[in-house]
Structure formats: C-alpha cells, structure tokens
Amino acid sequence: MENTHQPERSVTTMTKSITQILTARDSGIDSALNFLSDGCLVAFPTETVYGLGADARNDIAVAKIFEAKGRPRFNPLIIHVASTEAARKIAMFDGTADRLAAAFWPGPLTLVLPLRKSAGISPLVSAGLPTVAVRVPAQPLAHKLLNRFNGPVAAPSANLSGKISPTSADHVIHGLSGKIAAVLDGGTCDVGLESTIIGFAPDPVLLRPGGLPAEAIETCLGTPLGAAPVSAAPISPGQLASHYAPDALMRLNAPKRITGEVLLGFGNVECDLNLSPSGDMVEAAANLFHHLRALDEQKVQRIAVSPIPNHGLGRAINDRLQRAAAPRN
Ligand code: TXA
Ligand code: MG
C-alpha cells in the first residue's frame, strides 16, 4: 500500500508495506482523515471494539476491507457516523428507531434500517441488501474522526476473518499489519464487546446481542424484543440461497457467451461488461453489485460470467455469484 503521510510510528512487514500507528493527537487524526479520503483503510477505536474503516461511498475502498480481512463472503458492514442527523441521511427511521437512537446514541447500538438510495453508499457495504446497518459510536476519538470526516465510514471489526475482535491498537497490528494504511491508537476499548444489533421486521428484533444489554432496550420500548427470524440472523443474509439474484438466469465459469447470453467478463475477454479488464480482484469486487444491477436494469434474460480465480477476494466474489446463480425459490 502506498502512502505519503508522515508516520508517527510504523510497523514494517516482510512485504515492506507499512502500517502507521497514529497517536490520538490532532496530527494523528489529520493523517487518518487523509488516508480515508484517499480511499485507504484506517483502523480506529470505538467503545466496543476497533473498527476497520473505509469511506462507505468509495467502492474500491470498501472492497479493500474484504481483501484485508480475508473475508470469504461479502457480509454486510456497519456504517459509522458522528450523529443521528447524519444517520438519517443514510437510513429511513420510523418512530421506534427514533426512540432507540434518542435513548442510546452515541453508544454500542447498531440499527438495521431501510437504506436511502440517494445516500450514495457503495452497494458492497450492504452486500446488495435494501437495508443498512448504522451506528453512532460514543468513543471520543471515533467521534472526533467521524465529525471531521463528515461522511459515512464503513467498518467491520478490525480483525482477520474468523479471528477475535480487537480491543487495542496492538491487537489490530497483530492481525492486520502490512494490510492496512494505519491504526489510530485510542487505547483499550471500554466495552470490549461488539455493538448490539437491532433489526425491524417490522417490530424490533435482536439480530445480535452485544455491548448494550437487550433488557435496556426492552425497558426503553416497554415491550420484549422479538427473536431474529433464522433468515435474518446477522451472519446469514449472505447464506440465503438466491438472496441477491438478478432476474436473469446466470451461468458461471463461462469462457465465452453463447447465443442469447450477455457476458459479464473478468480479465482480457470480449464481453458486454467487464468486472476488471486487468484481472484486478479489488476492482472486480468494487464493480460486482453495480454490474449485476446494471444488467438487471437492462432486463437481460441470461448472464454468463467469466471464470474468477478462487483465491483472495475471488472467493467472496464466487460465493456471491453462486448465490446469484442458485435455483430460485
Ligand atoms: O461494535 C461493532 O458493531 C463493531 C464496531 C467496529 O462498530 N463492528 C462490528 O462489525 O462488529 P462486524 O462487521 O464484525 O459485524 C457486523 C454485523 C455482521 O454480522 C453483519 O452481518 C451485520 O452486522 N449486518 C450489517 N448490515 C446488516 C444488514 N443490512 N442486515 C443484517 N445484518 C447486517
Ligand atoms: Mg466481526
């Protein structure tokens, strides 16, 4: 990863990529903001765990999150903003969501709400879902960063996929050194447990227990929370068989198109739309949902897709394509 900002302390890796450790001073925040604006990844502290942040409007930056974490799937990500007012520009709140936000934000609560299309959020953030997860963290450094960035920051926990969530900058470095531009060091996280996630179906349901006790939410609402329907469990949106399918029938691993098909290409192939002419996985991931949607909007009947190498981000791309191609129910 190339960067031009002054390091405060650096960790050099075998690959010579450098992850900067930025202090909680204004100069550290300035560097973090520059990285975010440049589409680079910056880990930052929240009161729950450290998040791996990217500009949520930048497709390539969001794709880099999945690459750095080695996530085999495009699980949807949480968007972090500085205020409820900023969250309203991204998601649609009903009366219940309003009450929860008023009671618990800033704090360790995430709300999954209908996404405003006009918000310009990369479709990779919500993994193509019509909903989006948002939260307003309380940690002062996170608040300063988000306030000054003045835009939405997508951030999963800043650990390698399948590993434990980090609660200190050293934990982040341990897992992601050399894979991300910087980590903003805000010390140890107070809560140390991920945020509680509430969805609406349409009544509030607990999608993930977390740092805010469910009882506190139930007291606020005056009613018990519903249990998450199996299909809405936080880990599982991507596991629903044909969840993100376009209307067209799909044929995968297709070296070329046959009559009646359009070809969604990858690499140096003659095709109708190309995920990445140069065969770059980050670019392909960034384009995936945009291109599937574009073909859907053209009302094509059959989409053939070039073979995508099944390593790195290619695994997540293939996972998503296989779901899109799964038999419809
Ligand atoms: O405390 C936290 O929540 C931390 C800090 C960094 O904010 N973040 C975090 O993110 O734990 P992550 O990616 O590790 O977990 C986010 C969870 C995932 O399980 C994901 O499936 C769920 O949120 N999620 C995100 N968007 C969703 C959506 N639209 N519908 C259902 N679940 C969603
Ligand atoms: Mg996580």
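1. A residue counts as buried when its relative accessible area is under 20%, and as exposed when that value is over 50%. By that cut-off, Phe-74 and Phe-289 are both buried. The model discussed here is predicted.

2. Overall make-up. The chain has 329 residues, and 52% of them are buried. Its secondary structure comes to nine helices and 16 strands. The exposed surface is about 14,600 Å², with 52% of that supplied by carbon and sulfur atoms. Take the contacts between residues at least 6 apart in sequence: 66% of them join residues at least 24 apart.

3. Helix α8, length. This helix covers residues 281-297, which is 17 residues. At 1.5 Å a residue the expected span is 24 Å, and the end C-alpha atoms are indeed 24 Å apart, so the two values agree. Please note the bend, though. The helix turns by about 45° at Leu-288.

4. Helix α8, ends. Asp-280 caps the N-terminal end. One of its side-chain oxygens lies 2.9 Å from the backbone nitrogen of Val-282. Beyond the other end, look at Lys-299. This residue follows α8 and has a positive phi, near 60°.

5. Helix α8, packing. Its buried residues are Met-281, Val-282, Ala-284, Ala-285, Ala-286, Asn-287, Leu-288, Phe-289, His-291, Leu-292 and Leu-295. Leu-288, where the helix bends, is thus listed among the buried residues. The cover over these residues includes two helices, α2 (59-69) and α9 (313-325). Strands contribute as well, including β13 (249-251), β14 (262-265), β15 (273-274) and β16 (302-305).

6. Aromatic pairs. The whole structure holds three of them. One joins Phe-74 and Phe-289, edge-to-face, with 6.3 Å from centre to centre and 65° between the planes. Phe-74 sits in the loop between α2 and β5 (78-80), while Phe-289 belongs to helix α8, so this pair ties together parts that are 215 residues apart in sequence. Both rings belong to buried residues. Phe-66 joins these two in one aromatic cluster.

7. A second pair: Phe-93 and Trp-105. The ring centres are 6.0 Å apart and the planes stand at 75°. Planes over 60 degrees apart count as edge-to-face, so this pair earns that label. Phe-93 lies in the loop between α3 (84-88) and α4 (95-104), and Trp-105 in the loop between α4 and β6 (109-114). The pair therefore ties together parts that are twelve residues apart in sequence. Phe-93 has a relative accessible area of 16%, so it is buried. Trp-105 is at 8% and also counts as buried.

8. Thr-110. This residue lies in strand β6. Its relative accessible area is 0%, so it is buried. Leaving out residues up to four places away in sequence, Thr-110 touches Ile-78, Ala-133, Val-134, Arg-135, Ser-195, Thr-196, Ile-197 and Ile-198.

9. Ala-201. Is this residue buried or exposed? Its relative accessibility is 53%, so Ala-201 counts as exposed. Its place is the loop between β10 (196-200) and β11 (204-208). Ala-228 is 27 residues from Ala-201 in sequence, and their C-alpha atoms are 8.7 Å apart in space.

Terms used. Residues are numbered from 1 along each chain as its sequence is written. Chains are lettered from A and ligands numbered from 1 in the order in which they are written. This is a predicted model: local features need pLDDT of at least 70, side-chain atom pairs count only at pLDDT 80 or more; totals for chains, interfaces and linings use all residues. Side-chain values use heavy atoms; hydrogens and water are left out. Helices (H or I, at least four residues) and strands (E, at least two) are DSSP runs, numbered from the N terminus. The expected span of a helix is 1.5 Å times one less than its number of residues. The bend at a residue is the angle between axes fitted to the seven residues ending there and the seven starting there. Buried means under 20% relative accessible area, exposed over 50%, partly exposed in between (1.4 Å probe, protein chains only). Contact means heavy atoms within 4.5 Å. A polar contact is a pair of N or O atoms within 3.5 Å; within protein, one must be able to donate a hydrogen and the other to accept it, and residues adjacent in sequence count only if both atoms are side-chain atoms. Accessible areas come from the Shrake-Rupley method with a 1.4 Å probe; for residues, only the protein chains shown count as cover. Rings of Phe, Tyr and Trp (its six-membered ring) pair if their centres lie within 6.5 Å; planes under 30 degrees apart count as stacked, over 60 as edge-to-face and the rest as tilted.
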